[in-house]
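Let's take a walk through this fold together, one region at a time. Keep the viewer open so you can click along as we go.

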Amino acid sequence: MDSVLLHGEAEGYIQSLEKMALRDIGSTKWFRQHEYIEKLNMQAILNASANQEEFIKDLFVSLGKIPTLVHAMILTEVWKHKVFPIICKLQDFNPKSTFLLYMVIHHEATIINLLETIMYHKESSEAAGDSVLDLVDYCHRKLTLLAGRSVSGEIPTEDRVTHTQLSDTTSVQDVQRQSDMLEFEISVKALSVLCYITDHIESLSLSVLSRMLCTHNMPCVLVQLVENCPWNKGALEKYTEGQWRTVLPEDQLKLSKHDGQVWMALLNLLLKPDCQRKYDFNNFNKTQLLKLRGFLTDIVIDQLPNLLDLRHFLSQLAITDPAAPKKDLILEQVPEIWNNIVTENSSKWKAIAKYQVTHVFNPSESELREQASRLAQTYNLDVMENLIPDKPKCGACGRVGAKRCSRCQGEWYCNRECQVKHWPKHKPACKLMAEAI
């Protein structure tokens, strides 16, 4: 499979990444940086599929740009929480296209996907420096949201839209709905990142360990995920590779990737010596952790043999009271990115929303064409098809697509009848993409 980027191109893109202000989100400068991150993300996916994922990681580590990536992700998160709801409530905001608005919403998912690849390696956790604390806080926010939505039954039951389906996303309300669906995918990716951080906990600062165990009580959060298993719909469907998939009868007891990540994170946080010395096994924590014994069946342990050590530990925990951690006076670092962004913009949310509605998210026809052209170059169709694990689906009925739209090359159909039926919805995006190409 051909590479998306040459080494020099990737290095140039990473070197050009810089921290931006909240007001700059959606601007031309921001869009260019989004384009670079998208290309780097695709390069990381390609290299991972070829077992050469260290290519992008090495560049981010050597150039010291992982903190910049974390800052960009949290900046988008703050924008989604503080500015985006105000934009959705503005009565006079009726843009010709919500394409750019969706790109901003999708930006956070792109970055967490890239971090999932990068943070697999120990060197990345070390190179991230103090931003690991912010990354731990970010993962905690996402996982508590995931656990809470699972308990309340708010987990999305359908897949989010793809880039080739954006023609159906015509209103701000549609983008808002897609944002809610995308949040689930982001939270699942955050679980992967947290698992990798716990893998390398010995090489990180004491502040990171204290943040996970004392401040956020991450083991109990993970117990909630084991109990509710938000990526499973009973025994019938599982969320894998960004989609809900039907589970074959012979695979119903098979652990998914996300199940394995929860268990591995628990193993790291409960069995590593540094963690055991730091964690407070009080009555509440002990009660929560002992719930895991009901899930550690022989079938589960056969798939993850390391969990036998966890079962032995929990058996001992049930009949003993571990010593309380020593309360030494320790000066700890605290995460700064979220707090700094919120403090800097605390009284400006509405002003930023109005500015962006006027100057950013209501582009002219020529600006839309330019954005579509850049997008067409970013998402090279041949490369993207190689990255998709499933065959393309018909844009009208969802069956396997046999032929692609000859005009824009971006939509698939199973037959001529479906293409004609879908044309009224597809026409605006088809025209825009065709002109850009």
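A good place to start is a little knot of rings: Trp-79, Phe-84 and Phe-361 are linked into a cluster by ring pairs. Keep in mind that this is a predicted model, so everything here is computed from its coordinates. Within that cluster, look at Trp-79 and Phe-84. Their ring centres sit 5.5 Å apart with the planes at 25°, and since planes under 30 degrees apart count as stacked, this pair is stacked. Both partners are tucked away, with Trp-79 buried and Phe-84 buried too. Across the whole structure you'll find nine aromatic pairs.

Now move along to Ile-86, which belongs to helix H5, spanning residues 84-89. Is Ile-86 buried or partly exposed? Its relative accessibility is 22%, and because buried means under 20%, Ile-86 counts as partly exposed. Setting aside residues up to four places away in sequence, Ile-86 touches Trp-349, Lys-350 and Ala-353. Take Lys-350: 264 residues separate it from Ile-86 in sequence, yet the two C-alpha atoms are 6.7 Å apart in space.

That kind of long-range meeting shows up in the chain totals as well. Among contacts in the protein chain with a separation of 6 or more, 75% are between residues 24 or more positions apart. The chain has 437 residues, 49% of which count as buried, and its secondary structure comes to 21 helices and five strands.

For another residue with partners elsewhere in the sequence, try Asn-345, in helix H17 (residues 337-345). Its relative accessibility is 7%, so with the cut-off for buried at under 20%, Asn-345 counts as buried. Leave out the neighbours within four places in sequence, and Asn-345 is in contact with Leu-22 and Ile-352.

Next, the strands. Look for an open sheet of three strands in the order S1-S2-S3, with antiparallel pairing. Strand S1 (232-233) and strand S3 (243-246) stand at the edges; each has a single partner strand, so one side of each is left without a neighbour in the sheet. As a reminder, strands of a sheet pair through backbone hydrogen bonds, either parallel or antiparallel.

Start at the S1 end. Two bridges join S1 to strand S2 (residues 237-240), and the two run antiparallel. You can trace the pairing residue by residue: Asn-232 has Lys-238 in S2 as its bridge partner, while Lys-233 stands opposite Glu-237 in S2. S1 and S2 make a hairpin with three residues between them, and in that turn Gly-234 has a positive phi of about 60°.

Carry on to the other side of S2. Here four bridges join S2 to S3, again in antiparallel fashion, and Tyr-239 stands opposite Trp-244 in S3. These strands form a hairpin as well, with two residues between them. In this turn, Glu-241 has a positive phi of about 55°.

Hang on to Asn-232, because it leads to the next stop. The second largest pocket has a volume of about 410 Å³. It is lined by 20 residues, and the closest to its centre are Cys-229, Asn-232, Leu-255, Asp-259 and Val-300. Which elements give two or more residues to this lining? They are helix H11 (218-228), helix H12 (257-271) and helix H15 (298-303). By class, the lining has 12 nonpolar, four polar and four charged residues.

Finally, look for the enclosed spaces. The structure holds four cavities of 30 Å³ or more, and the largest has about 60 Å³ of space in it. Its lining is made up of Glu-18, Lys-19, Met-20, Trp-30, Gln-33, His-71, Ala-72, Leu-75, Thr-76 and His-107. Helix H2 (28-49) and helix H4 (66-82) each supply at least two of those residues, with H4 giving the largest share, four residues. The lining of this cavity divides into four nonpolar, four polar and two charged residues.

How values were computed: Residues are numbered from 1 along each chain as its sequence is written. This is a predicted model: local features need pLDDT of at least 70, side-chain atom pairs count only at pLDDT 80 or more; totals for chains, interfaces and linings use all residues. Side-chain values use heavy atoms; hydrogens and water are left out. Buried means under 20% relative accessible area, exposed over 50%, partly exposed in between (1.4 Å probe, protein chains only). Contact means heavy atoms within 4.5 Å. Two strands pair if DSSP finds at least two bridges between them. On a 1 Å grid over the protein atoms alone, a cavity is a set of points where a 1.4 Å probe fits but cannot get out, and a pocket is an open set with protein on both sides within 12 Å along at least five of seven lines; lining residues have an atom within 4 Å of a point. Grid points are joined across faces, edges and corners, and a volume is the space filled by probe spheres set on the points. Ala, Val, Leu, Ile, Met, Phe, Trp, Tyr, Cys and Pro count as nonpolar, Asp, Glu, Lys and Arg as charged, and the others, Gly among them, as polar. Rings of Phe, Tyr and Trp (its six-membered ring) pair if their centres lie within 6.5 Å; planes under 30 degrees apart count as stacked, over 60 as edge-to-face and the rest as tilted.
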